[in-house]
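Trainee: Could you show me how to read a few features of a protein model, one at a time? I would like the general idea before each case.

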Amino acid sequence: MFADLDSQARQMLIGNILMVVCCLFYIAWWALALHPTHPISGFTSGWLLIPAAIFGLAGAVLIVMGSSNAEISMPIPRVAIVAGGVVLYILLLVGTSLLLHRQVTTELLLIVVWLVVMFLEVCALQGLGLFSTPALVILLIITVLVAAGSLVCYLLYYGLAPLPGYIDGMLPLILIGLMMVAMSIAIPVSARL
């Protein structure tokens, strides 16, 4: 799995695997703590957020580190991706809270940070020669669709009844987890082609 990868691609692959683990802990917490009929609150379920945060942060750091090598020629400059993420977050923060009157929660920041990390990763992997231009375009489109779907779930959550809200809140975690699984498979497969 790792033998065909250079150090940057290896870091990104490990980062993806850690993000999958993060999603699993986050889903487990959501399933227990926010269950519509039998929630398990407090530290009994809350401890699951600790490994979720540790694995998620470690995964994001490894992906960013793997994509930050100055020798990697990226189709979208790093500074444009990061600046775009900052602008997008500010627009979404203002738009969702002031215009749509949606309570601001951490999930909005997590969606935007994930989008930025994914753009950095996919562009870096294309710069390393692991992804073709068509693969780059397809992966960026899928990334945007997953982020947009997550944002729709974020916007709908507080207006839903308990059971639909419970499902709605888990959907972004599942979609992002599946995307990270797909990336964890695509990186070593691409390296062998």
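Mentor: We will go through surface, cysteines, pocket, backbone and distances in turn. Keep in mind that this is a predicted model.

Trainee: Let us begin with the surface. Which residues make the nonpolar surface patch?

Mentor: The general idea is to look for nonpolar side chains that are open to the outside and lie together. Here V82, V86, I90, V94, L98, L99, L100 and L155 make a nonpolar patch of about 740 Å². Helix α4, which spans residues 78-99, gives the most to the patch, with six residues.

Trainee: Is L99 buried or exposed?

Mentor: L99 sits in helix α4, and its relative accessible area is 66%. It counts as exposed because the cut-off for that word is over 50%. L91 is also a residue of helix α4, and with a relative accessible area of 57% L91 is exposed.

Trainee: Now the cysteines. How many disulfides does the count come to?

Mentor: The idea is to check the distance between sulfur atoms, with a cut-off of 2.5 Å for a disulfide. By this rule the count is zero. C23 is in no disulfide, as the nearest cysteine sulfur, in C22, is 5.2 Å away.

Trainee: Why is C153 not bonded to C23?

Mentor: The sulfur of C153 has its closest cysteine sulfur in C23, but the two are 14 Å apart, so they are too far for a bond. As for accessibility, C23 counts as buried at 8%, and C153 counts as buried at 10%. Both words follow from the cut-off, because buried means under 20% relative accessible area.

Trainee: Next, the pocket. What is the volume of the largest pocket?

Mentor: A good way to read a pocket is to take its volume, then its lining, then the helices behind that lining. The largest pocket has a volume of about 770 Å³. It is lined by 32 residues, and those closest to its centre are Y26, T106, E107, L110 and L173.

Trainee: Which helix gives the most to the lining of the largest pocket?

Mentor: That is α5, with eight residues. At least two lining residues come from each of α1 (7-33), α3 (49-67), α5 (106-127), α6 (133-156) and α7 (162-192).

Trainee: What should I look at in the backbone? For instance, what is phi of H101 near?

Mentor: Here you look at the sign of the angle and at the residue type. Phi of H101 is near 55 degrees, which is a positive value in a residue other than glycine. H101 lies in the loop between α4 and α5, and at 66% relative accessibility H101 counts as exposed.

Trainee: Last, distances. How many residues apart in sequence are L49 and M65, and how far apart in space?

Mentor: The idea is to put the separation along the chain beside the C-alpha to C-alpha distance. L49 and M65 are 16 residues apart in sequence and 24 Å apart in space. L49 belongs to helix α3 and is partly exposed, with a relative accessible area of 33%. For A161 and P172 the values are eleven residues and 18 Å. A161 is in the loop between α6 and α7 and counts as partly exposed at 43% relative accessibility.

Trainee: And what are the values for L91 and A33?

Mentor: L91 and A33 are 58 residues apart in sequence, with 30 Å between their C-alpha atoms.

Technical notes. Residues are numbered from 1 along each chain as its sequence is written. This is a predicted model: local features need pLDDT of at least 70, side-chain atom pairs count only at pLDDT 80 or more; totals for chains, interfaces and linings use all residues. Side-chain values use heavy atoms; hydrogens and water are left out. Patches are made of residues with over 30% relative accessible area and no salt bridge: like charges are joined within 9 Å, nonpolar side chains (Val, Leu, Ile, Met, Phe, Trp, Tyr) within 5 Å. Accessible areas come from the Shrake-Rupley method with a 1.4 Å probe; for residues, only the protein chains shown count as cover. A salt bridge is a side-chain nitrogen of Lys or Arg within 4 Å of a carboxyl oxygen of Asp or Glu. Helices (H or I, at least four residues) and strands (E, at least two) are DSSP runs, numbered from the N terminus. Buried means under 20% relative accessible area, exposed over 50%, partly exposed in between (1.4 Å probe, protein chains only). On a 1 Å grid over the protein atoms alone, a cavity is a set of points where a 1.4 Å probe fits but cannot get out, and a pocket is an open set with protein on both sides within 12 Å along at least five of seven lines; lining residues have an atom within 4 Å of a point. Grid points are joined across faces, edges and corners, and a volume is the space filled by probe spheres set on the points.
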